[in-house]
Amino acid sequence: MTSLHGGGNNTSLYSGWITTPFIIATVFGLTVAAGGWSANLIVFLINEFNIQRIDAAQIANVVNGCVNFFPLLAAVAADSLVGCFSVIWVSSLYWYSSLSC
């Protein structure tokens, strides 16, 4: 009996779709966390440094724009300077230490 998918190996056909919900959930969680971090940055700048609201929003936008370039810089560093596993290890430690502060 033959399969409709052209062979008996069905695991390779569905392997990408198994991980898709996990990737979507991770991206969603990171987006929510980044939005909360940005809002807290604006509130912190207004309350602690007495910065006007529009200036605090502009500073938060500049910070978010700079943070968005970190993955690109890490990719360049991983490909050209050191191995990719060292960059992932150091980046993970840096991220984890920022959560504990």
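This is a short dialogue on reading a predicted model.

Me: Where do I start with the fold? How many helices and strands are in the protein chain?
Reply: Start with the secondary-structure count, then the order. The protein chain has four helices and zero strands. Along the sequence the pattern reads α-α-α-α.

Me: Next, burial. What percentage of the residues count as buried?
Reply: Burial is judged by relative accessible area, with buried meaning under 20%. Here 7% of the 101 residues in the protein chain count as buried.

Me: And the accessible surface of the protein chain? What share belongs to carbon and sulfur atoms?
Reply: Take the total, then split by atom type. The total is about 8,600 Å². Carbon and sulfur atoms hold 71% of that surface.

Me: Which residues does UniProt list as "transmembrane region"?
Reply: Treat a record as a record. The unreviewed UniProt entry lists residues 22-46 and 67-90 under that name. Then check a listed span against the model. Residues 22-46 are 100% helix and 0% strand. Their end C-alpha atoms are 36 Å apart.

Me: Which residues form the nonpolar patch on the surface?
Reply: Look for nonpolar side chains that are accessible and joined within 5 Å. In this model they are W37, V67, F69, F70, L72, L73 and V76. Together they have about 730 Å² of accessible area. Helix α3, residues 70-80, supplies the largest share, with four residues.

Me: Take F70, found in helix α3. Why does F70 count as exposed?
Reply: Compare its relative accessibility with the cut-off. Exposed means over 50%. F70 counts as exposed because its relative accessibility is 51%.

Terms used: Residues numbered from 1 in each chain as written. Predicted model: local features only at pLDDT ≥ 70, side-chain atom pairs only at ≥ 80, totals over all residues. Heavy atoms only, no water. Helix = DSSP H or I, 4+ residues; strand = E, 2+ residues; numbered from the N terminus. Buried < 20%, exposed > 50% of the residue type's maximum accessible area, 1.4 Å probe, protein only. Areas by Shrake-Rupley, 256 points an atom, 1.4 Å probe, with all protein chains shown as cover. UniProt positions renumbered as here; feature names shortened; annotations may be inferred. Patch = residues over 30% accessible without salt bridge, like charges linked within 9 Å, V, L, I, M, F, W, Y side chains within 5 Å. Salt bridge = Lys/Arg side-chain N within 4 Å of Asp/Glu carboxyl O.
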